[in-house]
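Dear colleague,

I am passing on to you the structure below, and I would be glad if you could look through it before reading the notes that follow.

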Amino acid sequence: LIDWLVQAARLPEAAHMCFASTLHSRPGSREAACRQALAHLGESDGAPYWALSLMAASQDEDLAEFLPADMDADQAFAHYSAIVQQQSLNHPMWRLLQGNHLFEQQDYAQALPLLETLAERPQYANGELAYRLFVCRARVAGLASALQSAYIRCDSGSWCYAMGVQLDDDEALMKAIGMDGDALPADWPYDELLRWIKHYYETGQARFEHWFATGQGSYKDGNLHDYSMLCNNLAIKYRYNDENYDGALALHAKGIATSPFAEHYNGIVSTHIDSDNYAQLIAAAEQLWHYSRDNGYSRHSPCDYFPKVAYALYQQDRNVENSIWLERLDEWWSQLDDDEQRSERYDYLRSLLNQLDYYSATHGAEVLPRLQALLPELYQRRNPYLLRRAGDAMQTSGTDQQALQIYQEALACPPSDDAAEREKLQSSIEKLNAQLITTVPGAAGSKPWWKFW
């Protein structure tokens, strides 16, 4: 398109497009932009955008081939900067590029008023420049002040998404604003940051959906995959932070309809779990399992949701189907390599014991041999939680005495920091002891052995 505009003698439009292509580093068009900017650098028609294009290009290492052979990047930037100043003194885009250059030199106080040019020209506020302006505000006036300042408008759905993603990375933001240490401070402003993050995700969503409905907007408003990823990220905020489960499910559905990927199916499962919607969980888990198996999902973690599926099947009187999910757990496990099995072993056992417990309510005879085979490893691990869940499954299978022995083994383990877990264990022992007392000779209500009448 740039070359066509030049051929049509529409040089001002071509020069503007060249600048946008280099500023936003658009693959393909940025190279054409550099070639045309070099060819028309001395012309007034389209100035100062030819020189501005080359100023921006000098900040992009991928465009180094277009710089003068006798200049490094900083020298080229200064060279083209001087040309812009001759053609249009203190042009707003010159100010923006100077601000970005000063930011890279860590001169935040000088960079800030220049980067604020983005407020006047939001059509140039890509996600990286907007984030740098926010960081600059925080560097100069503090993070709390930056969070109380005006939102930085980004005229593109993809740029809003990029801005939200960067603000959503607490550790990276902490380092970007110059804070020391590896851990976030106790007064980290989670709520205010969440407000900013949701603003960009929701604004981006509106821009994307406006473009889908009308065909009108920025060239970065029509990126289907960016929209789908934004829907996933915003759905997580709705589910985790707001408990807006219907909103989260609607966003995942939109993402799947436009550009499906496994995280959406995972998010639907998580939403049903967090909202205790076990009636819908089983079908959602089926979708996640099959999508992950058919399309691949490197972060697929069956152990995170299989126990909940097992409980849902038990609650829905579909316990026989738990045999399918036990087979799936073993299928997933068998596909891991040795290193992965070592790192995943605890989670595998945790999921397996929970699934066996629910399945044993109706299929105790099938469960017992598998439990017995696991006991030596569980005794060796001496993990109170795993032993308690093994005891639960053993008790549900009808072997109360062995269940009590397992509980007592768990109680003898070194105490963990989880006080609630120890309370559950002691409660299980007390209940089982009371149950056993009522079933032995001489229990309350039975005739003493010496009483013949």
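**What was found**

Of the 453 residues in the protein, 48% are buried, and please keep in mind throughout that this is a predicted model.

As for secondary structure, the protein has 22 helices and zero strands. Its radius of gyration is 31 Å, whereas the globule rule gives 22 Å for 453 residues, and because the value is well over that figure, the protein is more spread out than a compact globule. Along the principal axes, the C-alpha trace covers a span of about 120 × 40 × 40 Å.

Turning to contacts, if one takes those between residues at least 6 apart in sequence, 61% of them join residues that are at least 24 apart.

The accessible surface of the protein amounts to about 22100 Å², and carbon and sulfur atoms account for 49% of it. With regard to charge, there are 36 positive and 62 negative charges in the protein, and the mean positions of these two groups lie 6 Å apart.

One residue may serve as a place to begin when you turn to the model itself, namely Glu-430, which sits in helix α22, a helix that comprises residues 419-437. Glu-430 counts as exposed because its relative accessibility is 56%, and the cut-off for that word is over 50%. Between Glu-430 and Trp-188 there is a separation of 242 residues in sequence, and from C-alpha to C-alpha the two are 44 Å apart in space.

With kind regards

How values were computed: Residues are numbered from 1 along each chain as its sequence is written. This is a predicted model: local features need pLDDT of at least 70, side-chain atom pairs count only at pLDDT 80 or more; totals for chains, interfaces and linings use all residues. Side-chain values use heavy atoms; hydrogens and water are left out. Helices (H or I, at least four residues) and strands (E, at least two) are DSSP runs, numbered from the N terminus. Buried means under 20% relative accessible area, exposed over 50%, partly exposed in between (1.4 Å probe, protein chains only). The radius of gyration is taken over C-alpha atoms; the globule rule is 2.2 Å times the number of residues to the power 0.38. Contact means heavy atoms within 4.5 Å. Accessible areas come from the Shrake-Rupley method with a 1.4 Å probe; for residues, only the protein chains shown count as cover. Lys and Arg count as positive and Asp and Glu as negative; His and the chain ends are not counted. The place of a charge is taken as NZ of Lys, CZ of Arg, CG of Asp or CD of Glu.
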